[in-house]
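The exercises below concern the structure shown next. Each gives a task and then a solution in steps.

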Amino acid sequence: MGCCGSSLFGITQAERDEQNPQPPKRETLSASAADEPANGAPFFSEFSFLDLNAATSEFSQANVLSESGDKAANVVYKGRLENRQWIAVKKFTKMAWPDPEQFAEEARGVGKLRHKRLANLIGYCCDGDERLLVAEYMPNDTLAKHLFHFEKQTIAWAMRLRVALYVGEALDYCNTEGRPIYHDLNAYRVLFDEDGDPRLSCFGLMKNSRDGRSYSTNLAYTPPEYLKNGRVTPESVIYSFGTVLLDLLSGKHIPPSQALDMINNKNLTLLMDSHLEGKFSTEQATKVIDLAFGCLQYEPRERPSIKDLVMTLAPLQTKPNVPSHVMLQISKQVEALSTPQRPLSPMGEACSRMDLTAIHQILVNTHYKDDEGTNELSFQEWTQQMRDMLEARKQGDYAFRDKDFKTAIDYYTQFINVGTMVSATVYARRSLCYLFSDQPDAALLDAMQAQCVYPDWATAFYMQSVALSKLNMQKDSADMLNEGAVMEEKKQRGARTS
């Protein structure tokens, strides 16, 4: 098998219908039901540029997906179609794909693939000079975000094993379907869907474009054969899979050469993620390290096959019946319940997605604008106590901005307990702090208090929706989200008529 590093611890799918090389506006692809994602992958379509321009708010900078892992020339945007479906749109330059037919043909080829382990390609656009790919949107960030930039808790060992297996299964499926080449496989290409299940981005399956590289500019992680001849082979993909295994083991970027030295010298403690201390199986870790060792061999022929990797990883799964969203400690998103009939503002959209990071950014940017007019203080009230209270709020704001949520809670509580001034914004901010701190009950109470202070404030309703969803009260969450949309609609209607 080629992965015999020493111990360190002491579908096939049925043939699909051929596509017409000149497709209609909406193409459909047959696929085995067993290989379709559990939520049903949409059919493959050709989109107009107007469709995607509207879906991404004219490719707004606010919709750029952070940590996409792509170069500036190939930006990925979040979008939403008229049917409310979320999408990810990758935008190329014309120089990347000067031949529109070549781009369309390659997109249709990748679009034939349908599997529950892929973030599937669901369409493309080739209007004039525009070259865009459209994929299923994965709302729960990248493996890189969860591994390297976690805010609460790093990924549990059992979940890391699941990621390794699912990525291996995705590559095995692509290999079986005649697409064994995957470009620049790394932790940014692994995404988490609404259930928290890891999926492999379909964008890496597209052939190398003219102005891009098959691998990132960090040569330390590049397969040695690619450095020699610039060619990507199935064995190169195995090498990259080995670097992903290193990421899962270590929780950080370790250059393969350095990792191999650690393995050969049996420097176990340096290789393993310190956050996993005492929380992983020594025997399992040995096997995963042996797999990584095999994948990172200098000679391509000495690396294991993807099928061998999957066969080794499958028996290591220790919690097969535990849902991924539970292991990731995230709320499972229920789009059917949380989508109101009315259009939503950015705040409403962020709350419907349970995107706490986006909510935080909006509250930071809004500051206290929505509190205007809710407090009228006399001159006599500007006492030392008042100045201390405002200082507590200011310190809370600094901590909130810096995502020091525990400190923010302490300062905002000081402000609230004085009672001289009431602030809906402070309650909303403390509510979000409680959500980040896994205290949805307290978050709900603060959001309700924000509504008491400012009865027509949509944000108060939206924050209640998020807290209710965290408490698994999905129907109430959806109702509250819709109430917030009603409030915003009334406010906008009033602004138009005034």
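**Exercise 1.** In which loop is the place of Ser423? Classify Ser423 as buried or exposed, and list what its side chain and its heavy atoms reach.

Solution. The model is a predicted one.

Step 1. Ser423 sits in the loop that runs between helix 16 and helix 17.

Step 2. The relative accessibility of Ser423 is 2%. Buried means under 20%, so Ser423 counts as buried.

Step 3. The side chain of Ser423 reaches the backbone nitrogen of Val426, at 3.1 Å.

Step 4. Leaving out residues up to four places away in sequence, Ser423 touches Tyr368, Asp371, Phe415 and Val453.

**Exercise 2.** Classify the aromatic pair formed by Phe405 and Phe436, and locate both residues along the chain.

Solution.

Step 1. The count of aromatic pairs comes to 12. In the pair of Phe405 and Phe436, the distance is 4.2 Å centre to centre, with 5° between the planes. Ring centres within 6.5 Å make a pair, and planes under 30 degrees apart count as stacked. The pair of Phe405 and Phe436 is therefore stacked.

Step 2. Phe405 belongs to helix 16 (residues 405–418) and Phe436 to helix 17 (residues 424–436). The two are 31 residues apart, and the pair links distant parts of the chain.

Step 3. Phe405 is buried, at 9% relative accessibility. Phe436 is buried with a relative accessible area of 9%.

Step 4. Phe405 and Phe436 belong to one aromatic cluster, together with Phe400 and Tyr412.

**Exercise 3.** Apply the ring criteria to Tyr454 and Trp457, then state how accessible each residue is.

Solution.

Step 1. The ring centres of Tyr454 and Trp457 lie 5.8 Å apart, and their planes are at 5°, so this pair is stacked.

Step 2. Tyr454 has a relative accessible area of 21% and is partly exposed. Trp457, at 6%, is buried.

**Exercise 4.** Which charged residues sit over the rings of Phe59 and Trp86?

Solution.

Step 1. Over the face of Phe59 lies Lys91, at 5.3 Å from the ring centre.

Step 2. Over the ring of Trp86 sits the charged end of Arg353, 5.3 Å from the centre of that ring.

**Exercise 5.** Describe the largest nonpolar core and one other core.

Solution.

Step 1. The largest nonpolar core has 79 residues. Those touching the most other members are Leu133, Leu143, Leu171, Leu185, Leu200, Phe241 and Leu245.

Step 2. Helix 4 (residues 157–176) contributes the largest share of this core, 13 residues.

Step 3. Leu245 is in contact with Ala164, Val288, Leu291, Ala292 and Cys295, leaving aside its neighbours within four places in sequence.

Step 4. Another core, of 46 residues, lies apart from the largest one; its members include Ile359, Leu363, Ala428 and Phe461.

Step 5. For the protein as a whole, buried residues make up 53% of the 498 residues. Its accessible surface comes to about 23000 Å², with 50% of this belonging to carbon and sulfur atoms. The protein has 20 helices and eight strands.

**Exercise 6.** Place Tyr182 and Tyr221 in their loops, and give the surroundings of each.

Solution.

Step 1. Tyr182 is in the loop between helix 4 and strand 7 (190–192). At 1% relative accessibility, Tyr182 is buried.

Step 2. A polar atom of the Tyr182 side chain lies 2.5 Å from the backbone oxygen of Ser201. Tyr182 and Met206 are 24 residues apart along the chain, with their C-alpha atoms separated by 7.7 Å.

Step 3. Tyr221 is in the loop between strand 8 (198–201) and helix 5 (224–229). Its relative accessible area is 18%, so Tyr221 is buried.

Step 4. Not counting residues up to four places away in sequence, Tyr221 touches Tyr239, Thr243, His253, Ile254, Pro255 and Pro256. C-alpha to C-alpha, Tyr221 and Leu296 are 9.9 Å apart in space and 75 residues apart in sequence.

**Exercise 7.** Where is Ala458 found, and which residues does Ala458 touch?

Solution.

Step 1. Ala458 is in helix 19 (residues 458–470) and is buried at 7% relative accessibility.

Step 2. Ala458 touches Gly484, Met487 and Glu488, not counting residues up to four places away in sequence.

Step 3. Ala458 and Ala485 are 27 residues apart in sequence, and 6.9 Å apart in space from C-alpha to C-alpha.

Conventions
Residues are numbered from 1 along each chain as its sequence is written. This is a predicted model: local features need pLDDT of at least 70, side-chain atom pairs count only at pLDDT 80 or more; totals for chains, interfaces and linings use all residues. Side-chain values use heavy atoms; hydrogens and water are left out. Rings of Phe, Tyr and Trp (its six-membered ring) pair if their centres lie within 6.5 Å; planes under 30 degrees apart count as stacked, over 60 as edge-to-face and the rest as tilted. Helices (H or I, at least four residues) and strands (E, at least two) are DSSP runs, numbered from the N terminus. Buried means under 20% relative accessible area, exposed over 50%, partly exposed in between (1.4 Å probe, protein chains only). A charge sits over a ring if NZ of Lys or CZ of Arg is within 6 Å of the ring centre and within 35 degrees of the ring normal. A nonpolar core is a set of buried Ala, Val, Leu, Ile, Met, Phe, Trp, Tyr and Cys residues joined through side-chain atoms within 4.5 Å. Contact means heavy atoms within 4.5 Å. Accessible areas come from the Shrake-Rupley method with a 1.4 Å probe; for residues, only the protein chains shown count as cover. A polar contact is a pair of N or O atoms within 3.5 Å; within protein, one must be able to donate a hydrogen and the other to accept it, and residues adjacent in sequence count only if both atoms are side-chain atoms.
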